[in-house]
Amino acid sequence: MRLTEQASVRKAAEERDPNGATFLSHSSKDQELVVGAVALLAEHGASVYIDKKDPALPPYTSTETAIGLKKRIRKSRNFVLLASENSKDSRWVPWELGIADQAKNLFRVAILPTVESQQDKGWTKWEYLGLYRRIVWGDLKGYDDSVWMVLDQRTKKAVELSRWLKI
């Protein structure tokens, strides 16, 4: 994706109303990964919201930021956590996941791991992240080709990503 396209994708997600959107939680250190995550989700039918430059949030993090984020997470349809080494160390990302865990049915929360290979499951060892469904590329029963899906690792059941975003 060209830089102008990346900027356009990011800007649209930053300016989107979170009501009914997919809330993408991420570390501010993962800006280069955010555009790809937004594009992936959008290609499957999501309206993605990221809070980076939301004009309704205060310019500096504060109690008001936390109150605003709680409202936005509750208004969103789905919650996706972009899991990386940076998100693990973030102060906000685990907190946002906790809010989503309380505000949403667990079915509406998914982890999008950033890994070198499909077999890398190290992110699941981050305490509680293994509890949540994850967005993965792979073979899904009923599909001829590999697809993006939302997988429940514990039950080994999955639903195609586009379908999960609409349910």
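Angles between helices run from 0 to 180 degrees between N-to-C directions, and axes are lines fitted to C-alpha atoms over the stretch in contact. With that in hand, here are some exercises on this predicted model.

**Exercise 1. Get your bearings: how many helices and strands does the protein have, and in what pattern do they follow along the sequence?**

Start with the count: the protein holds 6 helices and 7 strands. Next, walk along the sequence, and the pattern reads α-β-α-β-α-β-α-α-β-β-β-β-α. Now turn to burial: 46% of the 167 residues count as buried. Finally, look at contacts between residues at least 6 apart in sequence: 61% of them join residues at least 24 apart.

**Exercise 2. Lay out the sheet: in what order do the strands stand, and which are the edge strands?**

Trace the open sheet across its 7 strands, and you find the order β2-β1-β3-β4-β5-β6-β7, with mixed pairing. The edges are β2 (48-49) and β7 (157-160), each of which pairs on one side only. Then add the helices. Helix α2 (residues 31-43) packs on the sheet and touches β1 (22-25), β2, β3 (78-83), β4 (109-113), β5 (133-138) and β6. The direction of α2 makes about 160 degrees with that of β1. Helix α5 (residues 92-103) lies across β1, β3 and β4, and runs at about 155 degrees to β3.

**Exercise 3. Describe how α3 packs with α5: what is the angle, and how far apart are the axes?**

Two packed helices are described by the angle between their axes and the distance between the axes. For α3 (residues 63-75) and α5, the angle is about 45 degrees and the axes are 9 Å apart. Angles under 35 degrees would count as roughly parallel and 65 to 115 as roughly perpendicular, so α3 is oblique to α5. The crossing of these two helices is right-handed. To see who meets whom, find T65, A66, L69, K70, I73 and R74 in α3; they meet W92, W95, E96, I99, A100 and A103 in α5. Sorted by type, the residues of this contact give 8 nonpolar, 1 polar and 3 charged.

**Exercise 4. Examine the hairpin of β6 and β7: how many residues lie between the strands, and which one takes a positive phi?**

First, the pairing: β6 (residues 147-152) and β7 run in the antiparallel sense over 4 bridges. Across the pair, V150 stands opposite V159, and L151 has A158 as its bridge partner. The hairpin has 4 residues between the strands. In the loop between β6 and β7 sits K156, whose phi is positive, about 65 degrees, although K156 is not a glycine. Most residues other than glycine have a negative phi. As for its surroundings, K156 has a relative accessible area of 58% and is therefore exposed.

**Exercise 5. Classify two more residues: is R133 buried or exposed, and what does it touch?**

Locate R133 in strand β5. The cut-off for buried is under 20% relative accessible area, so R133, at 18%, counts as buried. Leaving out residues up to four places away in sequence, R133 touches L106, F107, V109, A110, I111, V150, L151 and D152.

Now try G36, in helix α2. G36 has 42% relative accessibility, so it counts as partly exposed. For a last step, check its distance to V9: the two residues are 27 apart along the chain, and their C-alpha atoms are separated by 9.2 Å.

Terms used: Residues are numbered from 1 along each chain as its sequence is written. This is a predicted model: local features need pLDDT of at least 70, side-chain atom pairs count only at pLDDT 80 or more; totals for chains, interfaces and linings use all residues. Side-chain values use heavy atoms; hydrogens and water are left out. Two strands pair if DSSP finds at least two bridges between them. Contact means heavy atoms within 4.5 Å. Buried means under 20% relative accessible area, exposed over 50%, partly exposed in between (1.4 Å probe, protein chains only). Angles under 35 degrees count as roughly parallel, over 145 as roughly antiparallel, 65 to 115 as roughly perpendicular and the rest as oblique. A crossing is left-handed if the near helix is turned anticlockwise from the far one by less than a right angle, and right-handed if clockwise. Ala, Val, Leu, Ile, Met, Phe, Trp, Tyr, Cys and Pro count as nonpolar, Asp, Glu, Lys and Arg as charged, and the others, Gly among them, as polar.
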